[in-house]
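Student: I should like to examine how the descriptive terms applied to this model follow from their definitions. May we take them one at a time?

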Amino acid sequence: MSNKMKFPKDFLWGAAASAPQTEGSNLSGGKSLNTWDKWFELSPERFDQNVGPQTTSDVYKLYKEDVQRMRDMNLNSYRTSISWTRLLPDGKTLNQEAVTYYRDYFQTMIDKGIHPIINLFHFDMPWWMMEKGGWTNAEVTDHFAFYAQTCIEEFGDLVKDWTTFNEPIVHVECSYLYEFHYPAIVDFKLAILAGYNTILAHAKAIKAMRNVRSDIRIGTILNLTPVYGRSDSEDDIQATRIANALNITSFMDAMVKGTFDPFMVNLLKEHELLPETDAKDLEIIRENTAEFLGVNYYQPRRVQAPSKKLVGLATMPEDFYEAYAWPERRMNPYRGWEIYPEAIKDIANLITTKYDNMPWYVSENGMGVADEARFKDEDGMIQDAYRIEFVEEHLHYLSEAIADGANCFGYHMWTFVDCWSWLNGYRNRYGFYSVDLETQKRTPKASSFWMRDFIQFQQEGE
């Protein structure tokens, strides 16, 4: 299969990560607390094996060595994020130590031929803002715009590709619907408000960034999880339409087109969930949109009509649709996620037909597996054939989409070195390199060598 795939010569091959999941040094270097630091302080028992954000994968200290490993793997691109609380500990005052660190990190990538794509927010709300309500307080939009402006002022000469958010729907639903992120409350209306403020913050950030420099490209990263209905029945079709509106077009239309899906707006209005809006803010949203898109894809979403008829107003998304287990599914049992690489072509078709075939790249794709030490060979290398198969299958469908005209410019795997994963800690590992949490030693997995050779073949050709 590998030799039949063709990708453009200038295709971006890389990996993705985030500051809070890799940097460590969470209470040093002038950094202030974010919600994860504080939540671990308040409730360490909620975190898998009491593993918090203190050290993670120690990239703050080991970034030079990691960048060399990227180069050794033939990667030519890498996406990570800046820690808001490291750069602006109180939201106003610039931390010069953070500036020095990030500038050297980005320059090290560039010197090694690694193109940086830098994201601004990856679920790490500053605690000083969380105490004011986080994404439910409209003040956050101006604070975020100032942070974005500061990033361009300090790093815009080095980094040309920027994204505002990683998977914005996740910090909304996990914080205000499903209790996986702080403040772990269940309130559908607050979730919608947090989503609206996130969209406004995205637009204000783009405006502020463009006011500093015109030679940068600004996008956003969405987890586009294609929605497939159980059947063609009227009820299942309606459930599918609502799931698509709440999970895809909600952020996609607003951040890419600057408009809101009328179907979604009417649905929210009908259930008294629509937030108050201001005409000036809607104008900012309309005029400041993403130039390119990062697509995170792991699994499809399969839905069916809810088993109980809704009486009164909806209080959860599940009032509109329920999950459906496709009988033919393949599963990653460690995450409980379906493996369905064919969806890559459906994502490409969506972007091509409904979003003007805008530039996009696969910003995350990967397979988390628990207890990978089981698969070590006699030399101590993890033989992760399952990961190689997963990546190869997804690349196969991506190459077909590109051949059909999809405007896709890169593929980033999650992740480069095993990273910390919020409440799940290091339960599941995703990296091309394994990390020993006691020593921070990095050891390449078999997938790293497969990827190295695959990239080399694509870059050199036959």
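Student: Why is arginine 374 called partly exposed?

Tutor: Buried means under 20% relative accessible area, exposed over 50%, and partly exposed in between (1.4 Å probe, protein chains only). Arginine 374 has a relative accessible area of 44%, and is therefore partly exposed. Aspartate 371, with 48%, is likewise partly exposed. The model is a predicted one: local features need pLDDT of at least 70 and side-chain atom pairs count only at pLDDT 80 or more, while totals for chains, interfaces and linings use all residues. Residues are numbered from 1 along each chain as its sequence is written, and side-chain values use heavy atoms, with hydrogens and water left out.

Student: What makes the pair of arginine 374 and aspartate 371 a salt bridge?

Tutor: A salt bridge requires a side-chain nitrogen of Lys or Arg within 4 Å of a carboxyl oxygen of Asp or Glu. The closest N and O atoms of arginine 374 and aspartate 371 are 3.6 Å apart, so the pair meets the rule. By this rule the count comes to 27 salt bridges.

Student: How do you know that aspartate 66 and arginine 442 form a salt bridge?

Tutor: Their N to O distance is 2.9 Å, and the limit is therefore satisfied. This pair links distant parts of the chain, 376 residues apart: aspartate 66 belongs to helix H3 (residues 59-72) and arginine 442 to strand S17 (residues 442-444). Helices (H or I, at least four residues) and strands (E, at least two) are DSSP runs, numbered from the N terminus. Both aspartate 66 and arginine 442 are buried.

Student: Why is lysine 345 counted as partly exposed?

Tutor: Its relative accessibility is 28%, so lysine 345 falls in the partly exposed class. Glutamate 400, its salt-bridge partner at 3.1 Å between the closest N and O atoms, is also partly exposed, with a relative accessible area of 28%.

Student: What makes alanine 194 buried?

Tutor: Alanine 194 has 0% relative accessibility, and therefore counts as buried. This residue is found in helix H9. Not counting residues up to four places away in sequence, alanine 194 touches Trp135, Thr136, Val172 and Tyr176, contact meaning heavy atoms within 4.5 Å. The C-alpha atoms of alanine 194 and tryptophan 135 are separated by 4.7 Å, although the two residues lie 59 residues apart along the chain.

Student: How do you know that strands S8 and S9 pair?

Tutor: Two strands pair if DSSP finds at least two bridges between them. Strand S8 (residues 301-304) and S9 share two bridges in the antiparallel sense, so the criterion is met. Glutamate 322 in S9 is the bridge partner of glutamine 304.
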